[in-house]
2 protein chains.
Amino acid sequence: MLQIKPMLLLAAGGSNQHGKILLTLFVMFVAAKLLAELFERLRQPAVAGEILAGVIIGPSVLNLVQPNELTNTLAEIGVILLLFLVGLETKPADIFRVGGRALLVGLLGVILPFIAGWALMKLWGRSGIEAIFVGAAMVATSVGITARVLGQMGVLNAEASRIILGAAVIDDVLGLIVLSVVSSLAGGGAVNYTEILTTTGLAIGFTVLIAVVGAKAVNKIQPQVSRLRVGQAQLVFGLSLCLGLALVASYIGVAAIIGAFMAGMAQSEAVEGTDMPPQAEAVTEFLLPFFLTNIGMQLNVQIFQSKEVVLLAIVILVVAVLTKVIGCGLGALPLGAKQALQVGVGMIPRGEVGIVIAQIGLGLAAVSNETYGVVLIMAVGTTLIAPPLLAQLFKDEPKDEHKRIYPLTPIS
Amino acid sequence: MLQIKPMLLLAAGGSNQHGKILLTLFVMFVAAKLLAELFERLRQPAVAGEILAGVIIGPSVLNLVQPNELTNTLAEIGVILLLFLVGLETKPADIFRVGGRALLVGLLGVILPFIAGWALMKLWGRSGIEAIFVGAAMVATSVGITARVLGQMGVLNAEASRIILGAAVIDDVLGLIVLSVVSSLAGGGAVNYTEILTTTGLAIGFTVLIAVVGAKAVNKIQPQVSRLRVGQAQLVFGLSLCLGLALVASYIGVAAIIGAFMAGMAQSEAVEGTDMPPQAEAVTEFLLPFFLTNIGMQLNVQIFQSKEVVLLAIVILVVAVLTKVIGCGLGALPLGAKQALQVGVGMIPRGEVGIVIAQIGLGLAAVSNETYGVVLIMAVGTTLIAPPLLAQLFKDEPKDEHKRIYPLTPIS
């Protein structure tokens, strides 16, 4: 009996593995949506519910699913699609108009967390290299969480929202520079300035190029797109450009989501009023829960056995929140206290990039297992803290009913 | 320089691996859609173009991508969503009405290919066990290909289409029985009748249960679904049910796509006229190309070095086509020659199930590497042959403009 059963499963699902994969998909999707529903009923942002669902089904609590290559890939596709969708709602001119402000916000929001994280770890008696890694891990904002909350609230067109999106692009380029310096230091060698300058130049060149000529190029070939015979040509073209620019961004060294955001922004004028944005929304709706739950699944609270580490995690989390609020807030202060706070809170979430930096440090033995756990707490904690604060801070902004992402979602 | 670069990529894309994954996704999606466009312009079915794209980018020609766990998983999700979508367009009553006919079509369409495949291999001088495996691999119709062609043409409501869908469900249950017999024979043991009866009973029970009470249950809870607060509640509920029944089907031993089809059919009445079917279409549009290209990518023509194997592959391919056309066609003959031919041709495509059966045989050393290659040729070849024939045979059927899947696709 036991000999046949696996074979039947093998044949049925394609492989025994497929049964497990389907189980993972089902658990992640359904848990995310159950908690999202609960949070909506409690008038809390669904995003926080979906991340919490990941904590619950993951290694920390029920251990039903563990993050693996597949969940990480689905998560990556999910957040790429989300940023593409946010780009579709964002005109390049909207971002250019806030460019100077976003630059300052991005800069201060990178410098403060890095210095504070480094100094805190040094004061805590850790090695210089570990302190540098923790500082670096505290730098990169994970804009997906904020974008999802603002999109669901229909306030992506608020000025603070645009500054956050612009600053997220700059934050990413700056984070790339910090990372390349840190990596070469940790590698034991001297800092390779040529390499860093080349990478930075490429990253800036790519971003500026697509921002400046992307929309024009897309508008120019739009008549050809609408003459395509292939099914749902506009969606197919959009997704191709999204995957293509995400790929280029990833090869250059910028986050793939920045490429996806640029691809969306380049098409925002061409697709206005067509069926394509709602179609892209539907695709995102299916894949985004895997991104959100996968964040929560990264956490494994069982690694915390000493009170000192728990204390460090709490302190780092508080510092991570405050340094972004103060740093980014300072950059936006000339716009008034309220907008400064909106921008600062919008930049709080860290996510996969911070985790990956800590993983690199772990791999180089520059970061201890416990410190890696502390960074995880920081990443997951900031993504859980930001959504309710954002919901509160943006609740009086005028809602853009026509263009809001996920139009069926009532938040408020 | 070389030390830093991978780290930057690592941080940027989440991991160096992610760059590779994005490349795979981009190449598969764009190649599929370029060939689909070309085939549409040549007035050929896009489906065949997308499978051919997989042959071209795969190991046989350019070797840009290779099938792996990730592409297999995306393929599985893609075809699950397709069958869910087809289910959404199919009322349970439509299938019940043709049930008796579908049963006969399914039965004859399993018996003929099995006997012919077995006899041919015996005549070719192969071992009895290898002959049984090849026969079994020729049994299971891969209904996804046909469903996609008929959906794109807007003829899913034709009687022949419904018979094909019903017969595909029966074909799958019968295929399961054949496989369990073959597996226990190949395992060296006696045939375990208890096990086979249990599995068969479960499979039939699940299918009949969902077919009979699924729609009623969904209609009953529909008011609750429309009161959900979570974003895009109808789509979220639909996808949850789809993943859930696919999972149950897979655990019972039926193909996951059968569960997805039943989930779609159960909801077909409840969602009629809502936004949900077009949303499900958009999700499918993104993921289905991975299923179609992944079929073509299975092929590696470089394993064919002897003329005898090439000849065997051609003969098996011809027999695989003829036995389904004749077997299934005979079952549908009382409806007239034209419908019999439509049904027979619609059942031609074999796919992943045949390949998996051959893989089991390969693993048990019951099937040689060359014979495995022959089965691959049979599977990919039948999926390429059926679409143009179907387009020809269904071109005069009245198109259901309102409900056609992929409404923007002009075929014919």
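**Close-up views of a predicted model**

**View 1. Helix α10(B) is kinked by about 45°, with the kink centred on V213(B).** The model is predicted. α10(B) covers residues 193-226 of chain B, a run of 34 residues. At 1.5 Å a residue, α10(B) should span 50 Å. Its end C-alpha atoms are 46 Å apart, which agrees. The buried residues of α10(B) are T199(B), A203(B), F206(B), T207(B), I210(B), G214(B), A215(B) and V218(B). An α-helix has 3.6 residues a turn, so residues three or four places apart point the same way.

**View 2. Helices α7(B) and α16(B) pack at an angle of about 160°.** α7(B) is formed by residues 128-137 of chain B, and α16(B) by residues 352-363. Their axes lie 8 Å apart. The angle makes the two helices roughly antiparallel, because it is over 145 degrees. F133(B), A136(B) and A137(B) make the contact from α7(B). From α16(B) the contact residues are G354(B), I357(B), A358(B) and G361(B). The crossing of α7(B) past α16(B) is right-handed.

**View 3. Helices α3(A) and α13(A) cross at roughly 50°.** Here the axes come within 6 Å. α13(A) spans residues 276-297 of chain A. The two helices are therefore oblique to each other. The contact residues of α3(A) are V47(A), E50(A), I51(A), L52(A), A53(A), G54(A), V55(A) and I57(A). Those of α13(A) are P289(A), L292(A), T293(A), N294(A), I295(A), G296(A) and M297(A). α3(A) passes α13(A) in a right-handed crossing.

**View 4. N68(A) sits in the loop between α3 and α4 of chain A.** The flanking helices are α3 (46-57) and α4 (69-88). N68(A) has 14 C-beta neighbours inside 10 Å, so it counts as partly exposed. M297(A) is 229 residues away from N68(A) in sequence. In space, their C-alpha atoms are 9.8 Å apart. M297(A) is also among the residues of α13(A) that contact α3(A).

**View 5. Helix α12(A) is largely enclosed by the rest of the structure, because 12 of its 12 residues are buried.** α12(A) runs through residues 256-267 of chain A. Its expected span, at 1.5 Å a residue, is 16 Å. The end C-alpha atoms are 17 Å apart, which agrees. The buried residues include I257(A), I258(A), F261(A), M262(A) and M265(A). Q267(A) is buried too, as are the glycines G259(A) and G264(A).

**View 6. L247(A) of helix α11(A) touches residues of chain B.** α11(A) comprises residues 233-252. L247(A) is buried, with 24 other C-beta atoms within 10 Å. Among its contacts are L22(B), L23(B) and F26(B). A260(A) is 13 residues from L247(A) in sequence, and their C-alpha atoms are 8.8 Å apart. A260(A) is one of the buried residues of α12(A).

**View 7. R43(B) and N63(B) are loop residues of chain B with positive phi.** Most residues other than glycine have a negative phi. R43(B) has a phi of about 60°. Its loop joins α2 (16-41) and α3 (46-57). N63(B) has a phi near 55°. Its loop lies between α3 and α4 (69-88). R43(B) counts as exposed, because it has 12 C-beta neighbours inside 10 Å. N63(B) also counts as exposed, with 12 C-beta neighbours inside 10 Å.

Terms used:
Residues numbered from 1 in each chain as written. Chains lettered and ligands numbered in written order. Predicted model: local features only at pLDDT ≥ 70, side-chain atom pairs only at ≥ 80, totals over all residues. Helix = DSSP H or I, 4+ residues; strand = E, 2+ residues; numbered from the N terminus. Expected span 1.5 Å × (residues − 1). Bend = angle between axes of the 7 residues up to and from the residue. Buried ≥ 20, exposed ≤ 12 C-beta atoms within 10 Å, placed from the backbone. Axes fitted to C-alpha atoms, helices over the stretch in contact; angles between N-to-C directions. Parallel < 35°, antiparallel > 145°, perpendicular 65-115°, else oblique. Left-handed = near helix turned anticlockwise from the far one by under 90°. Contact = placed C-beta atoms within 7 Å.
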